[in-house]
Amino acid sequence: GAKAASMTPAGFEGYEASARQVAADVLGPERRERVLGCTPEADDAPDDVCAAAFVDAWAPLVLRRALREGEADQYVALARAAAQTVGDFYAGLSAVLVGWLLSPDFLFIQERATAQEGPESGQRLTGQALASRLSYFLWNRGPDTALLQAAGDGALETDAGYRAQLERLLADDARMEQGLRALFA
């Protein structure tokens, strides 16, 4: 892989058009109930409770990391502002989803490391970086909720926690088959 990545303005416009189409498809009337898990009080007004449920459920999966302190509130505020401007609750969620799909956390796999002290000093990948590596290598897809949880609570950074997640991923025959097919394709 390249040490640096860049994107042309035309390339970004293409990503933006794709992100808008994905958001429209994901939040379309036929999928809303399954994706949201809640029903807004009104389709033409903001609903912070339902928007927060959407953010809490989907942001970690799309961004492949735990949300930082206060970040969920910012996404709910964006959904509220967009819904108020357009007069459509789902347009507010769409603005949030498009933002996620255009963020570097979604577009690029970012491997972060922390300094490790002691006899084995050096750099050690963070839990989120380990989660992405494992998931993309074995399943050819982003980390699932359980893997992100293990990364978030530090379990993935221990030998026992890493082994437990590795065994869990290997035991999922359907996803392993998809990952192996993608590797050989």
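## Exercises on a helical chain

The chain holds ten helices and two strands (DSSP runs, H or I with at least four residues for helices, E with at least two for strands, numbered from the N terminus). You're looking at a predicted model, where local features need pLDDT of at least 70, side-chain atom pairs count only at pLDDT 80 or more, and totals for chains, interfaces and linings use all residues. Residues are numbered from 1 along each chain as its sequence is written, and side-chain values use heavy atoms, with hydrogens and water left out.

**Exercise 1.** Work out the order of helices and strands, then describe the overall chain.

*Solution.* Step one: walk along the sequence and you get α-α-α-α-α-α-β-β-α-α-α-α. Step two: box in the C-alpha atoms along the principal axes, which gives roughly 60 × 35 × 35 Å. Step three: check burial. Of the 185 residues, 32% are buried (under 20% relative accessible area, with exposed over 50% and partly exposed in between, using a 1.4 Å probe and protein chains only).

**Exercise 2.** Check whether the span of helix α5 agrees with its number of residues.

*Solution.* Start with the rule: the expected span is 1.5 Å times one less than the number of residues. Helix α5 covers residues 89–102, so its 14 residues should span 20 Å. Now compare: the end C-alpha atoms of α5 lie 21 Å apart, which agrees.

**Exercise 3.** Find out how covered α5 is, and what packs against its buried residues.

*Solution.* First, count: ten of the 14 residues of α5 are buried, so the helix is mostly covered. Among them are F89, Y90, W100 and the neighbours L101 and L102. Next, look for partners in contact (heavy atoms within 4.5 Å). The buried residues of α5 pack against α1 (9–26), α2 (32–36), α3 (48–63), α4 (71–86) and α6 (104–107). Finally, look at the N-terminal end of α5: D88 caps it, with a side-chain oxygen 2.9 Å from the backbone nitrogen of Y90.

**Exercise 4.** Is S135 buried or exposed, and what does its side chain reach?

*Solution.* Locate S135 first: you'll find it in helix α7 (residues 127–139). Its relative accessible area is 0%, so S135 is buried. Then follow the side chain of S135, which reaches the backbone oxygen of R141 at 2.5 Å. Last, list the contacts, leaving aside neighbours within four places in sequence: S135 touches N140, R141, G142, P143, L147 and L169.

Definitions and conventions
Polar contact = N/O pair within 3.5 Å; in protein donor to acceptor, adjacent residues only side chain to side chain.
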